[in-house]
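Here's a walk through one small set of side chains and what they touch. Have a look at the model first, then follow along.

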Amino acid sequence: MTTPLWKRDEIASPCVQICVLHPEERICIGCYRTGDEIAHWSKMTPDERSAIMAALPDRAPRLRKRRGGRAARVKE
């Protein structure tokens, strides 16, 4: 007989193990949370976590802005 896994009834972290804060936007390039949100995640209420999860998709485009690089220098 297998023992069922114990699971907590809570919102899981959006962490994807790419933990680097963008130097200008100050959000994680992996999960789009701020440093404060990451640090306080385990102590947040379900409502606080839900609000952050709802805001994450709108943050993603902030990291897709190009600053230049080769594509900016090469005229096609």
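Let's begin on the outside: Gln17 counts as exposed, because its relative accessibility is 67%. For the cut-offs, buried means under 20% relative accessible area, exposed means over 50%, and partly exposed is in between, using a 1.4 Å probe and protein chains only. Gln17 lies in the segment before H1, and has a positive phi of about 65° although it isn't a glycine. Tyr32 is also in the segment before H1, and it too is a non-glycine with a positive phi, about 70° here. When helices come up, they are DSSP runs (H or I, at least four residues), numbered from the N terminus.

A quick word on what you're looking at: this is a predicted model, where local features need pLDDT of at least 70, side-chain atom pairs count only at pLDDT 80 or more, and totals for chains, interfaces and linings use all residues. Residues are numbered from 1 along each chain as its sequence is written, and side-chain values use heavy atoms, with hydrogens and water left out.

Now for Arg33, which sits in the segment before helix H1 (35-40). What is the nearest side chain of opposite charge to Arg33? That is Glu37, 5.9 Å away, and Arg33 is buried yet has no salt bridge. Here Lys and Arg count as positive and Asp and Glu as negative, while His and the chain ends are not counted. A salt bridge needs a side-chain nitrogen of Lys or Arg within 4 Å of a carboxyl oxygen of Asp or Glu.

So what does Arg33 do with its side chain? One partner is the side chain of Ser13, joined to that of Arg33 by a polar contact of 3.3 Å. A polar contact is a pair of N or O atoms within 3.5 Å; within protein, one must be able to donate a hydrogen and the other to accept it, and residues adjacent in sequence count only if both atoms are side-chain atoms. The charged end of Arg33 also sits over the ring of Trp41, 5.0 Å from its centre. That label calls for NZ of Lys or CZ of Arg within 6 Å of the ring centre and within 35 degrees of the ring normal. Leaving aside neighbours within four places in sequence, the contacts of Arg33 (heavy atoms within 4.5 Å) include Pro14, Leu21, Ile38, Leu56 and Arg59.

Trp41 turns up again with Arg49, a residue of helix H2 (residues 46-59). The side chain of Arg49 reaches the backbone oxygen of Trp41 at 2.9 Å. Arg49 is buried because its relative accessible area is 6%. Not counting residues up to four places away in sequence, Arg49 touches Glu10, Ile11, Trp41, Ser42 and Met44.

How many salt bridges does the structure hold? There are two. In one, Arg59 pairs with Glu37, the closest N and O atoms being 2.6 Å apart. This pair links distant parts of the chain, with Arg59 in helix H2 and Glu37 in helix H1, 22 residues apart. Arg59 is buried at 13% relative accessible area, and Glu37 counts as buried at 13% relative accessibility.

The other salt bridge joins Arg62 to Glu25, with 2.8 Å between the closest N and O atoms. Arg62 lies in the loop between H2 and helix H3 (70-73) and Glu25 in the segment before H1, so the pair ties together parts that are 37 residues apart in sequence. Arg62 counts as partly exposed, at 31% relative accessibility.

Definitions and conventions:
Helix = DSSP H or I, 4+ residues; strand = E, 2+ residues; numbered from the N terminus.
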